[in-house]
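Here is a short set of exercises to work through with the model open beside you. Each task is followed by a solution that goes step by step.

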Amino acid sequence: MPPRKKPNISSSSTSSSKKPNPQPSKYGIQHFFDRQTIHNSQKQQTNNATSQVSSVPLSPLEKPNSSEAPSLQNTIPDNSLSEVSPEMSKSMSLKRFKFSPGMFIKQSQDDGVNEVTWKISPVNERLQAVSKHMPKLIKALADSSRTNMSSICSSSEEKTSLDKGDKVEELLVSPTPNASAKAPLSKSKLRLKKLNSDRVVDFNGNPTTLSNSGMAGGRNPFRTPPSLSCRLDKLAKDVDHNKPSEQPFLRQHKKALLELLDQVEDAIGVDSDTICDKATHSFKSQVGIANDLPVRVNHTVERTKSHIPKDIGVFSNYNYLVLEVSEKLQPADSSAAKCPYKVLRLLNEQTGEERAVNLWDEWSYSVISPGDTVNVIGQFDEGGNCDIDHDNNFLIVHPDILVSGTRVAGSFSCPRRAVLDERLKSNEYSIAALCGTLLHQIFQAGLTSNNPTINFLECYTEVVLQKNIESLFACGVNEKDVHKTLIDGIPKIYNWIMLFRNMEEREDPNVDFGCVNGMKKVGISEVIDIEEMAWAPKYGLKGIVDASVRVMVQSRKDKPEEKIMPVEFKTGKSTNSQSSVEHNAQVILYTLLMSERYQKTIDSGLLYYLQTDHTQGIMVQRSDLVGLIIRRNELASDILKALLLQQLPPVLQSPSMCRGCRHLNVCSIFHKAHSGGVESKGLGDVFDSHTSHLTSSHSKFLCHWDHLIDLEAKGIEYLKKEVWRSYNLRTRNAGGLSSIVIDASQGIPYSKSHEDNRFVYRFVPQDSSCPAIISDGDPSSASLKTDLDLTLRSGDHVILSNESSHQTIARGVISDISQNHISVSFSKLLRIPGMSSTAHDLLQQVWRIDKDEAVTSFAIMRFNLVQLFLQNDQSAHLRRMIVDLEAPRFDSGSIVSQDPAISYVWSEKSLNDDQRRAILKILTAKDYALILGMPGTGKTSTMVHAVKALLIRGTSILLTAYTNSAVDNLLIKLKAQGIDFVRVGRHEAVNEEVRGHCLSETNVQSVEDIKIRLEQAKVVAVTCLGISSPLLANKRFDVCIMDEAGQTTLPVSLGPLRFASTFVLVGDHYQLPPLVQSTEARENGMGMSLFCRLSEAHPQAISALQSQYRMCQGIMELSNALIYGDRLRCGSIEIANAKLEFSGLNCCFPWLEDKDYKKKTDSTPQSYDQ
């Protein structure tokens, strides 16, 4: 009897309408809990529908009326209304609530008034919706907060503190008011100030004098929007920020809301309609939003107030939550035109203090919304105010989003391409890009060599080619062709190194730093590092610097000066094109990163073009930095908007650029899917040729799963933010390991791995008495490995940081993790920036290891998903099977006598009938087959025999699973059967028993050797996420067999299926579902595996393994009753009656030794069912 299907019950009609795909059927205990959850949810909805609450917010500045909130007086202790001190605020949970467009209030005056304000509204239907999930006390608090808000919206002229709550998970960008909505400020006194556009920043936001930029003609190409330096005067403000608050109950209100919001962390959320409905991605007009809100809009001008002590005037080291954004115009004046500026009201969530920031000049165009996170780089005055303008200070929007300098520089030409680069991980390989990478490595080797020669560089070319042999194979080129290209570039590389090393032997300057700074002599005195990883959460930037060098710089007039500079190496030629501008931008951003890393001002860099043998000096100018940081802020907002709303920047509308873009296919598909077939934006037939095959159901499927991936990715984004937060806020729950030191027991701090030429460092807890170090015989002790089991595993990519300096030092891979140590391999020796890095120095440092969440599966998942909709035969076939759910085909005309594979199946005596039928299902499948492997039914053995049968036919096979352990377990059994295979994967993650089948362990010396080895082995094994390996770039298989298919999400499953014409999914969706961390993603369908989707659509494609050899009859009956509907059966009489016999029992379970318990049992020896 098959399992009974559960009726498709939804908690609400809205949520059910958003699920295009049916959810997997559930049975047994899980079914019971699901039904109970649905029942409770329906009951809560019924109760909530009968209660109507007033939507008019009241002031927090009035005491709650006893008649309006009687339960509040009875339940809240007296001390709950005491003032919240900064110390108390620090001890509170650092969590924010989720924002939605309904939580924004626009406040403005009547026509002709000077201000438009967007602010967070803590009082709306959201709090009332939350109250249904909480006890009466919480509901009383919510109602009380409304009572206390009335005077703010009716008559207050002083802006007061708003609430803070849970971590912002939904950051929505509000629209910028139209110019017509902006009006002059009426309550400010004026004075004029001269602007200086030629000033250099000292990287703390303070300007210093600098004469020129490295850009031709002194023109700044990075001003976005155009600089306002042509305006000679700007506003100086006399707003009184120091007047003490006249609202005595402000702090009491804040504490009540903080306590409320901390308790309802996960209950407050954005309605799924806001995210899923593509029609709502464009926000309403501001007037519309204000009118739709259930609040009274205040029509009086308010002056920004900062509630911090007067004696505080410190440099900002915190991230701030934006509470309010006011857009204003300076008053009309005969000497200056009206210019807009913005006032931000900010909340320091660590201290509870509020501050104000005024954005002038270019900064006034920044798109900032209530709920955003910002970092202010500059000084606040005694009143808690900071001015950010063309000459002073910086504002970093969404600083937790670390954007690479390369992305920022490339986004000037096309922001959409930069966002797609961030969201997708492509496995395309280019010969030009590979040659550039190889020349980089040769250049870096020459720099770091004490005595480089032409012969040394030519010999190192062979080393470089061998190290990148797999990439050469992926590009389809041989070593000889690439070797010639590398040899041609070596003389120029050698001459450049010699020119910059031997400064004393030259009299003439060798680097042009621009028309103002002129020519200078530059000599390299030390190569500090190569491929230096520089991450600066302060600026929201990251990058990999080609070379960090210490140089001596001398002009004809000045004395020599020692500096640290980044060197950027380009294999192309210098031009005045857009690419040259991007290269300049990269160098400028690298100086910013290195200034933060070395804690000193780095104001210049070198840019070397190999093809033209030209070196350009880049002198950093503040106006350039302003434009680049504003562009970085815009790109971070675009990345966040794509994550939260699936909104990409608009199409470039440049046919010449778009035709040669690497993302043309993907860009066109997303444009068609999200725009519903809007015109091709000037691309003509190019757009139609890439999207004409897509139907509305295809677009719906793509948008739905793209949204689900982003929902799951948001949870990981939160973990990434924790890594960049101050160390005193980090916890072990953030997925890291702190307070560890390098193991000094072996004398030297590292060991050399000869297999992959990496350096392995062994870390142990800092305190030898730490409970993380346990003895093997004490199972009650805490375990380092147990602590990290859910976050850090062998083979994981990690980030190593210095706990004392809070600097990110290096990326590595965990090579080993045990109960009392963790070993990490790095590509080079560890070095601490700005200080010596001897073995003794490294041993004295305290370290921290965090999982590198940047190396995640989401970019691969999005890439897999969009590949499903390309216009080619393989993608079309998969679309028909997976999206359109066409019925799979099977060959019913096979004759046993003519097919040796089928003859083998029938003759194999170790197989039972279920296993034979499953293998025959695989052999006859033309599209796909599903193998339902119930527990203990010999699923792995069946797969081994299926592989053997397919090999009899000469079929090429791709074996895959989500985890390395599942892949290796299958390979170990294949190895026992004498079957040859190739294992693709990282050395650290592969089981030792099959590690010898990795190409890195074999004698592969050339591209031809790789071709021969892959042709010899008909079986290749790899994990689902390892499918992007260069070894598989041009490889195709006849059949793909995926184990653990019931536990693998659909987007992950799509990757391996692209490499085969037929696929086999093996799993059991009645057991563990895919691991999905986001509740919202899981409820909307992310928890449905491809195995489950296809099995419910086409049950005839399933071949079930029902004879189990793991459980006795009694235990099996429980599984049948709860889950399998009596389909599971014992494989033999011996299995059904199996029992475990115990005599002389000696174990650590006291209840088994209890005498009173023994008296109640049968005579010895005791028997227990298996």
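**Exercise 1. Placing a glutamate**

In which helix does Glu-1008 lie? Describe its exposure and a distant partner as well.

Solution. Keep in mind that this is a predicted model.
- Step 1: Glu-1008 belongs to helix H31, which covers residues 1007-1016.
- Step 2: The relative accessible area of Glu-1008 is 46%. Buried means under 20% and exposed means over 50%, so Glu-1008 is partly exposed.
- Step 3: Glu-1008 and Ile-469 are 539 residues apart in sequence, yet their C-alpha atoms are 9.9 Å apart in space.

**Exercise 2. The protein as a whole**

How many helices and strands does the protein have, and what share of its residues is buried?

Solution.
- Step 1: The secondary structure comes to 38 helices and 35 strands.
- Step 2: Of the 1170 residues, 56% count as buried.
- Step 3: Now turn to the contacts with a separation of 6 or more: 75% of them are between residues 24 or more positions apart.

**Exercise 3. Around Asp-421**

Is Asp-421 buried or exposed, and which residues does it touch?

Solution.
- Step 1: Find Asp-421 in helix H12, residues 415-423.
- Step 2: Its relative accessible area is 15%. The limit for buried is under 20%, so Asp-421 is buried.
- Step 3: Leaving out residues up to four places away in sequence, Asp-421 touches Arg-407, Arg-662 and His-663.
- Step 4: With Arg-662 there is also a polar contact of 2.6 Å between the side chains.

**Exercise 4. The largest cavity**

What lines the largest cavity, by class of residue, and which elements give two or more residues to the lining?

Solution.
- Step 1: Start with the count: the structure holds nine cavities of 30 Å³ or more.
- Step 2: The largest cavity has about 150 Å³ of space.
- Step 3: Its lining is made of 14 residues, and those closest to the centre are Cys-414, Leu-652, Cys-658, Cys-661 and Cys-667.
- Step 4: Two or more lining residues come from each of H12, helix H19 (655-659) and helix H20 (664-675).
- Step 5: Sorted by class, the lining has 10 nonpolar, two polar and two charged residues.

**Exercise 5. Checking two helices**

What span should helix H13 have, and what is the distance between its end C-alpha atoms? Then repeat the check on helix H28.

Solution.
- Step 1: H13 runs over residues 431-448, and at 1.5 Å a residue its 18 residues should span 26 Å. The end C-alpha atoms are 26 Å apart, which agrees.
- Step 2: For burial, 13 of the 18 residues of H13 are buried, and the helix is mostly covered.
- Step 3: At the N-terminal end of H13, Ser-430 acts as a cap, with a side-chain oxygen 3.3 Å from the backbone nitrogen of Ala-432.
- Step 4: H28 has 12 residues and reaches 16 Å from its first C-alpha to its last, close to the 16 Å expected.
- Step 5: H28 is mostly covered too, with 10 of its 12 residues buried. Among them are Asp-914, Arg-916 and Lys-921.
- Step 6: The N-terminal cap of H28 is Asn-912, whose side-chain oxygen lies 3.1 Å from the backbone nitrogen of Asp-914.
- Step 7: Thr-924 is also in H28, and its relative accessible area of 15% makes it buried. A polar atom of its side chain lies 3.4 Å from the backbone oxygen of Lys-921.
- Step 8: The C-alpha atoms of Thr-924 and Arg-889 are 8.6 Å apart, although 35 residues separate them along the chain.

**Exercise 6. An enclosed helix**

Why is helix H32 described as largely enclosed by the rest of the structure?

Solution.
- Step 1: H32 takes in residues 1050-1057.
- Step 2: Eight of its eight residues are buried, so H32 is largely enclosed. They include Leu-1050, Ser-1053 and Gly-1055.

**Exercise 7. Residues in loops**

What is the phi of Asp-361, and where does Asn-393 lie?

Solution.
- Step 1: Asp-361 has a positive phi of about 55° although it is not a glycine. Its loop lies between S7 and strand S8 (373-377), and at 1% relative accessibility Asp-361 counts as buried.
- Step 2: Asn-393 sits in the loop between strand S9 (385-388) and strand S10 (394-397). Its phi, near 70°, is positive too, and its relative accessibility of 8% counts as buried.

Note on methods. Residues numbered from 1 in each chain as written. Predicted model: local features only at pLDDT ≥ 70, side-chain atom pairs only at ≥ 80, totals over all residues. Heavy atoms only, no water. Helix = DSSP H or I, 4+ residues; strand = E, 2+ residues; numbered from the N terminus. Buried < 20%, exposed > 50% of the residue type's maximum accessible area, 1.4 Å probe, protein only. Polar contact = N/O pair within 3.5 Å; in protein donor to acceptor, adjacent residues only side chain to side chain. Contact = heavy atoms within 4.5 Å. 1 Å grid on protein atoms, 1.4 Å probe; cavity = no way out; pocket = protein on both sides within 12 Å on 5 of 7 lines; lining within 4 Å. Points joined across faces, edges and corners; volume = space filled by probe spheres on them. Nonpolar A, V, L, I, M, F, W, Y, C, P; charged D, E, K, R; others polar. Expected span 1.5 Å × (residues − 1).
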